[in-house]
Amino acid sequence: MNKENYITSAEENLLHTYNRFSLVLDHGKGVYLYDTDGKEYLDFAAGIAVQALGYGNEEYNQALKNQVDRLLHTSNLYYNVPVIRAAERLAAVSGMERVFFTNSGTEAIEGAIKAAKKYAYTRDGHAGHEIIAMNHSFHGRSLGALAVTGNPHYQEPFAPLMPGVRFADFNDIDGVKSLMNDKTCAIILETVQGEGGIYPADAAFLKEVRALCDEHDVLLILDEIQCGMGRTGEMFAWQHYGVKPDIMACAKALGCGVPVGAFLLTERVAKTSLAPGDHGTTYGGNPFAGAAVDAVLGIMEREDIPGHVREIAPYLEETLDTMVETYAFLKERRGLGLMQGIVCEKPVGAVAAEALKQGLIVITAGSDVIRLVPPLIIEKKHVDEMAEKLHAVLKNMAE
Ligand SMILES: *Cc1c(COP(=O)(O)O)cnc(C)c1O
């Protein structure tokens with residue numbers, strides 16, 4: 001079948017929830033993807049910040065192949081070795097003490113919300129607690145995660161959502177304080193906002209939120225689904241800030257292509273939070289997903305992927321800053337490590353579409369941001385190649 005036939009079939013059979021680029025991807029190698037026509041693309045999107053190790057990492061692939069032949073699934077009624085190893089590694093790199101594996105980011109958020117509610121319920125002897133979330137946040141599409149996603153456009157058709165969520169502006173501590181009340185059980189935020197437009201938390205803001213939480217025994221839930229797993233130059237973005245969450249949600253690059261998420265708790269919170277009967281999943285943390293997480297964390301640690309990000313990110317930042325200086329319609333660069341956004345006054349969807357013609361994959365965030373979340377293994381030459389291709393796009397747009 002040729003590309004047009006594939007796309008026709010897709011549009012006949014898949015539910016139309018995405019306006020997809022007309023690209024049928026076939027295979028990948030390193031930081032490059034290839035479509036069914038054999039055209040090569042430099043990938044600065046990584047499947048939305050998932051493919052941290054790029055494509056075709058031999059050690060990772062071999063670990064998955066071995067696990068396929070050994071055991072794929074057991075259910076959580078029994079122990080399995082890969083998930084035990086994965087949990088050990090995840091606890092070690094995060095300093096969090098208890099892990100629950102899920103199948104996605106949105107499920108990790110659901111679990112995090114339930115954990116916070118249960119903690120407050122145990123303490124107070126009753127339910128009815130509330131959560132403070134941030135405007136322009138993104139935490140997922142299921143109804144609980146959507147309820148804490150500060151985007152009215154995503155929420156509106158699905159009301160009523162989970163009640164008891166109040167929204168503050170990100171990086172506005174007075175706004176957060178003004179929403180606190182006796183019912184508040186948690187504050188949830190992305191350490192670096194992703195979909196909302198690549199906004200890193202201010203250091204002072206995050207410290208003050210942490211202090212506020214400590215003062216009122218409110219739990220700090222950090223969503224590290226996009227910004228975690230080495231992307232910002234630390235394994236988790238909060239490790240830049242000297243604050244630690246009570247609950248953390250993780251997914252995307254946690255599995256590097258195998259669908260897996262996790263929420264993690266400190267022991268203090270876990271002790272009086274979710275207990276047998278409170279939460280569960282059939283697939284979550286199965287041996288296959290466990291093998292993926294084990295392999296990803298093993299490779300990231302041995303190859304010091306966060307260290308590589310700290311080395312290469314300044315070069316990407318410089319390159320993007322030069323771009324912002326060159327084109328009047330580019331207004332600002334924001335980001336942390338290999339999670340970068342450029343504010344653009346031309347239609348960003350068109351930038352991403354034109355980039356594909358140049359053999360470059362970039363995505364967008366918010367309504368006016370070009371988002372760059374490449375595999376974490378990129379080298380300077382890839383930054384140069386990206387710049388050359390993006391310049392070609394931007395030059396055409398400037399004319
Ligand atoms: C992607 C994302 C989610 C949702 O994860 P899914 O795996 O798509 O369910 C939640 N929070 C953030 C910050 C994300 O980037």
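User: How do the residues of the lining of the second largest pocket divide into nonpolar, polar and charged?

Analyst: Start with the source: this is a predicted model. To read a lining, sort its residues by type. Here the lining of the second largest pocket has 16 nonpolar, 7 polar and 3 charged residues.

User: What is the volume of the second largest pocket, and which residues lie nearest its centre?

Analyst: The volume is about 890 Å³. The lining holds 26 residues. N76, R98, V99, F100 and F101 lie nearest the centre. Next, look at the elements behind the lining. Those that give two or more residues to it are α4 (81–94), β4 (98–102) and β12 (261–265).

User: Now the ligand. Which residues are around it?

Analyst: List the neighbours, then sort them. The shell around the ligand consists of S104, G105, T106, F138, H139, G140, E190, D223, I225, Q226 and K252. By type, that shell divides into 2 nonpolar, 6 polar and 3 charged residues.

User: Which residues have polar atoms 2.8 Å or 2.6 Å from an oxygen atom of the ligand?

Analyst: For each pair, ask whether the protein atom belongs to the backbone or to the side chain. G105 uses a backbone N or O atom, 2.8 Å from a ligand oxygen. T106 also offers a polar backbone atom, again with 2.8 Å to an oxygen of the ligand. K252 instead brings a polar side-chain atom, which lies 2.6 Å from a ligand oxygen.

User: How much of the ligand's accessible area does the protein cover?

Analyst: Take the ligand on its own as the reference. Alone, the ligand has 380 Å² of accessible area, and the protein covers 81% of that.

User: Let's turn to strands. What is the order of the open sheet of 4 strands?

Analyst: Read a sheet from one edge to the other. The order is β1-β2-β3-β15, and the pairing is mixed.

User: Why is one side of β1 and of β15 left without a neighbour in the sheet?

Analyst: Both β1 and β15 (360–361) stand at the edges and have a single partner strand each, so one side of each has no neighbour in the sheet.

User: Which pairs run antiparallel, and which pair is parallel?

Analyst: Take the pairs in turn. Strands β1 (residues 25–29) and β2 (residues 32–35) run antiparallel, joined by 4 bridges. In that pair, H27 stands opposite Y34. β2 and β3 (residues 40–43) are antiparallel as well, with 3 bridges. There, L33 faces Y41 of β3. β3 and β15 are parallel, over 2 bridges. D43 has I361 of β15 as its bridge partner.

User: How many residues lie between the strands in each hairpin?

Analyst: Count the link, then check its backbone angles. The hairpin of β1 and β2 has 2 residues between the strands, and G30 has a positive phi near 60 degrees. The hairpin of β2 and β3 has 4 residues between the strands, with G38 at a positive phi near 85 degrees.

User: Which residue other than glycine has a positive phi near 60 degrees?

Analyst: First the general idea. Most residues other than glycine have a negative phi, and most peptide bonds are trans. Now the case here. A49 has a positive phi, near 60 degrees. A49 sits in helix α2 (residues 46–49).

User: And the peptide bonds: is the one from A159 to P160 cis or trans?

Analyst: Look at omega. For the bond from A159 to P160, omega is near 0 degrees, and the bond is cis. P160 is in the loop between α7 (152–155) and β6 (165–168).

How values were computed. Residues numbered from 1 in each chain as written. Predicted model: local features only at pLDDT ≥ 70, side-chain atom pairs only at ≥ 80, totals over all residues. Heavy atoms only, no water. Near = heavy atom within 4 Å. Polar contact = N/O pair within 3.5 Å; in protein donor to acceptor, adjacent residues only side chain to side chain. Areas by Shrake-Rupley, 256 points an atom, 1.4 Å probe, with all protein chains shown as cover. Nonpolar A, V, L, I, M, F, W, Y, C, P; charged D, E, K, R; others polar. 1 Å grid on protein atoms, 1.4 Å probe; cavity = no way out; pocket = protein on both sides within 12 Å on 5 of 7 lines; lining within 4 Å. Points joined across faces, edges and corners; volume = space filled by probe spheres on them. Pairing = 2+ DSSP bridges.
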